[in-house]
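Please open the structure in your viewer and keep the selection tool at hand. This tour moves from one selection to the next and says what is there each time.

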Amino acid sequence: MENQKKPIDILSEEQLDALAQSLLPVMQEFFRSERGKKIWAEHLREIEQSSEKAA
């Protein structure tokens, strides 16, 4: 299969602001949930383990 270039969408600053305003409250709610806290803790453990391996 031939390599196909994907179109690049360029968002205006207003569009980026609107996207951030719609996503931020949902993301905050998620990370306040038990599932979000668990996922965040796992992510931090992975970062810690990878930094220990690099040292």
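**A walk from the surface patch to the rings**

Begin by selecting Leu11, Leu16, Leu19, Leu23, Met27, Phe31, Trp40, Leu44 and Ile47, which together make a nonpolar surface patch of about 820 Å²; keep in mind throughout that this is a predicted model.

Now colour helix 1 (13-32) and helix 2 (34-54), since each of them supplies at least two residues of the nonpolar patch, and the largest share, five residues, comes from helix 1. Leucine 11, by contrast, is found in the segment before helix 1, and it counts as partly exposed because its relative accessibility is 41%.

Stay with helix 1 and pick its two end C-alpha atoms, which are 28 Å apart, in agreement with the 28 Å that its 20 residues should span at 1.5 Å a residue. Where in helix 1 does a kink lie? Select leucine 23, where the kink is about 30 degrees, shortly before proline 25.

Next, show the aromatic side chains, for a search of the whole structure finds two aromatic pairs. Phenylalanine 30 and phenylalanine 31 form an edge-to-face pair, 5.0 Å centre to centre with 75 degrees between the planes. Then add tryptophan 40, whose ring has its centre 6.0 Å from that of phenylalanine 31, with the planes at 80 degrees, so this pair is edge-to-face; planes over 60 degrees apart count as such.

Finally, select Phe30, Phe31 and Trp40 together, because they form one aromatic cluster. Phenylalanine 30 is partly exposed at 27%, phenylalanine 31 is partly exposed at 37%, and tryptophan 40 is partly exposed at 44% relative accessibility.

How values were computed:
Residues are numbered from 1 along each chain as its sequence is written. This is a predicted model: local features need pLDDT of at least 70, side-chain atom pairs count only at pLDDT 80 or more; totals for chains, interfaces and linings use all residues. Side-chain values use heavy atoms; hydrogens and water are left out. Patches are made of residues with over 30% relative accessible area and no salt bridge: like charges are joined within 9 Å, nonpolar side chains (Val, Leu, Ile, Met, Phe, Trp, Tyr) within 5 Å. Accessible areas come from the Shrake-Rupley method with a 1.4 Å probe; for residues, only the protein chains shown count as cover. A salt bridge is a side-chain nitrogen of Lys or Arg within 4 Å of a carboxyl oxygen of Asp or Glu. Helices (H or I, at least four residues) and strands (E, at least two) are DSSP runs, numbered from the N terminus. Buried means under 20% relative accessible area, exposed over 50%, partly exposed in between (1.4 Å probe, protein chains only). The expected span of a helix is 1.5 Å times one less than its number of residues. The bend at a residue is the angle between axes fitted to the seven residues ending there and the seven starting there. Rings of Phe, Tyr and Trp (its six-membered ring) pair if their centres lie within 6.5 Å; planes under 30 degrees apart count as stacked, over 60 as edge-to-face and the rest as tilted.
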